[in-house]
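Reader: Hi! I'm new to looking at protein structures, could you walk me through one?
Author: Happy to, let's bring it up and chat.

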Amino acid sequence: MRKKIVAGNWKMNKSPVEAVEFARSIKDSVKGSEAEAVFCTPFVCLGPVMDELKGSGIAVGAQNMHFEDSGAFTGEISAPMLKAMGVPFVIVGHSERRQYFGETDESVNLKAKKALVHGLTPIICLGETLEQRKQGITTDLVRLQTRIAMSGIEKADAKKVVIAYEPIWAIGTGVTATDAQAEEACGDVRRVLAEIYDNDTAETIRIQYGGSVTVDNAKGLFAMPNIDGGLVGGASLKPDFGVIVNA
Ligand code: PGA
C-alpha cells in the first residue's frame with residue numbers, strides 16, 4: 001500500500017515570521033493524518049518552520065535546487081545545502097520554474113538525480129498546457145516527460161521519487177482536472193514507469209495530482225486508484241490545508 005502524500009507549495013509567499021505563525025496555526029489540524037504532509041516553504045523559511053514543526057511528524061520541502069553540488073551559480077541553493085539543514089523533500093521542475101526560469105526536462109532530470117544522490121526526495125512535476133491537451137497529445141507528452149525525468153535513475157532510487165502530475169491549465173486558475181482526467185494522466189505515468197522499470201516499482205512510486213486542489217475536490221481526486229495525494233498551491237496557504245491532508 002502506498003502511503004498518500006499531500007504537499008503544500010507555498011510558492012513565494014510569507015516571511016519567516018509569518019511562515020512560523022501559519023505553521024503553528026495549522027499543524028494540529030494536519031498532524032495525525034494517515035497521509036504524509038509536507039510544507040514546501042520559501043528557502044528562508046525552511047529552518048524556522050522546521051523548528052516549529054519538530055515532533056509534529058510534518059515534513060518540510062524546498063521548492064527548487066540547483067543540479068550542481070557547489071560553484072559559481074549566484075543565487076542558487078544546492079542539494080548538499082538542503083541536506084545539511086535536514087530538509088527531506090524538494091520540488092523539481094514545477095511548471096512555474098519551467099515557464100519563467102527556463103527549466104527543461106533535461107535540467108529537471110539532472111536535479112532529480114542530484115537530489116537522490118544526497119538522499120533528498122524529489123517531487124518531480126510534469127503536465128501539459130491547455131494547447132497540448134486540445135491537440136490531443138497529453139498522454140504522449142506526459143509519457144515523454146516521465147521518461148526524461150527518470151532517465152538514468154536506478155530502480156532502487158526510482159521507488160523513492162514522488163511524481164506530481166500538474167496540468168498547467170489547472171494551476172492557480174480555479175479550474176481543476178476532473179477526477180477521471182487526473183486519474184487517466186496519473187495512470188499514464190504509472191504505466192510508463194512499469195515499462196521503464198517493472199510493475200512492482202511502478203506500484204511503489206507515489207503519484208500526486210496538482211492544480212486547483214481544494215477542500216471540495218480533494219476527496220474525490222485522492223480516492224482515484226492512481227492518485228496518491230496532491231501538490232497544493234493556493235489552498236495550502238489557508239486553514240483549509242488541514243482538511244485537504246485529511247481527505
Ligand atoms: P494551485 O497550485 O493549487 O494553486 O493550483 C498548484 C501548484 O502550483 O503546485
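**Around the ligand**

Author: This is a predicted model. Let's begin with the ligand: one of its oxygen atoms has a polar side-chain atom of Lys11 2.7 Å away.

Reader: Nice. And how far is an oxygen atom of the ligand from the side chain of His94?
Author: An N or O atom in the side chain of His94 is 2.7 Å from an oxygen atom of the ligand.

Reader: What about Gly172, which part of that residue lies by the ligand oxygen?
Author: For Gly172, a backbone N or O atom lies 2.6 Å from an oxygen atom of the ligand. As for cover, the ligand on its own has 280 Å² of accessible area, and the protein covers 95% of that.

Reader: Wow, okay. How many residues surround the ligand?
Author: There are 13 of them, and the closest are Lys11, His94, Glu166, Gly172 and Ser212. Sorted by class, the shell has seven polar, four nonpolar and two charged residues.

Reader: Back to Lys11 for a second. Where is Lys11 found in the chain?
Author: Lys11 is in the loop between β1 and α1. Lys11 is not a glycine, yet has a positive phi of about 55°.

Reader: Which other residue has a positive phi, near 80°?
Author: That would be Lys14, again a residue other than glycine. Lys14 also lies in the loop between β1 and α1.

Reader: Let's switch to empty space. How do people find it?
Author: A probe the size of a water molecule is rolled over the atoms, and that shows where empty space is left.

Reader: So how much space lies in the largest pocket here?
Author: About 370 Å³. Its lining has 14 residues, and those nearest the centre of the pocket are Lys11, Met12, Gln63, Arg97 and Phe101. So Lys11 turns up in the pocket lining as well as among the residues closest to the ligand.

Reader: Which element gives the most to that pocket lining?
Author: Helix α4 does, with three residues. By class, the pocket lining splits into six nonpolar, five polar and three charged residues.

Reader: And cavities, how many of 30 Å³ or more?
Author: The count is one, and the largest cavity holds about 40 Å³ of space. Among the residues lining this cavity are His94, Arg98, Cys125 and Glu166. You've met His94 and Glu166 already, as two of the residues closest to the ligand.

Reader: Which elements each supply at least two residues of the cavity lining?
Author: Those are α4 (95-100) and β5 (121-126). The cavity lining has five polar, three nonpolar and two charged residues.

Reader: Last topic: how many aromatic pairs does the count come to?
Author: Four aromatic pairs. One of them is formed by Trp10 and Phe22, which are edge-to-face, with 5.4 Å from centre to centre and 70° between the planes.

Reader: Where do those two sit in the chain?
Author: Trp10 is in the loop between β1 (5-9) and α1 (16-30), whereas Phe22 is in helix α1. The two are twelve residues apart, and the pair links distant parts of the chain.

Reader: Thanks, that helped a lot!

Key
Residues numbered from 1 in each chain as written. Heavy atoms only, no water. Near = heavy atom within 4 Å. Polar contact = N/O pair within 3.5 Å; in protein donor to acceptor, adjacent residues only side chain to side chain. Areas by Shrake-Rupley, 256 points an atom, 1.4 Å probe, with all protein chains shown as cover. Nonpolar A, V, L, I, M, F, W, Y, C, P; charged D, E, K, R; others polar. 1 Å grid on protein atoms, 1.4 Å probe; cavity = no way out; pocket = protein on both sides within 12 Å on 5 of 7 lines; lining within 4 Å. Points joined across faces, edges and corners; volume = space filled by probe spheres on them. Helix = DSSP H or I, 4+ residues; strand = E, 2+ residues; numbered from the N terminus. Phe/Tyr/Trp six-rings, centres within 6.5 Å; stacked < 30°, edge-to-face > 60°.
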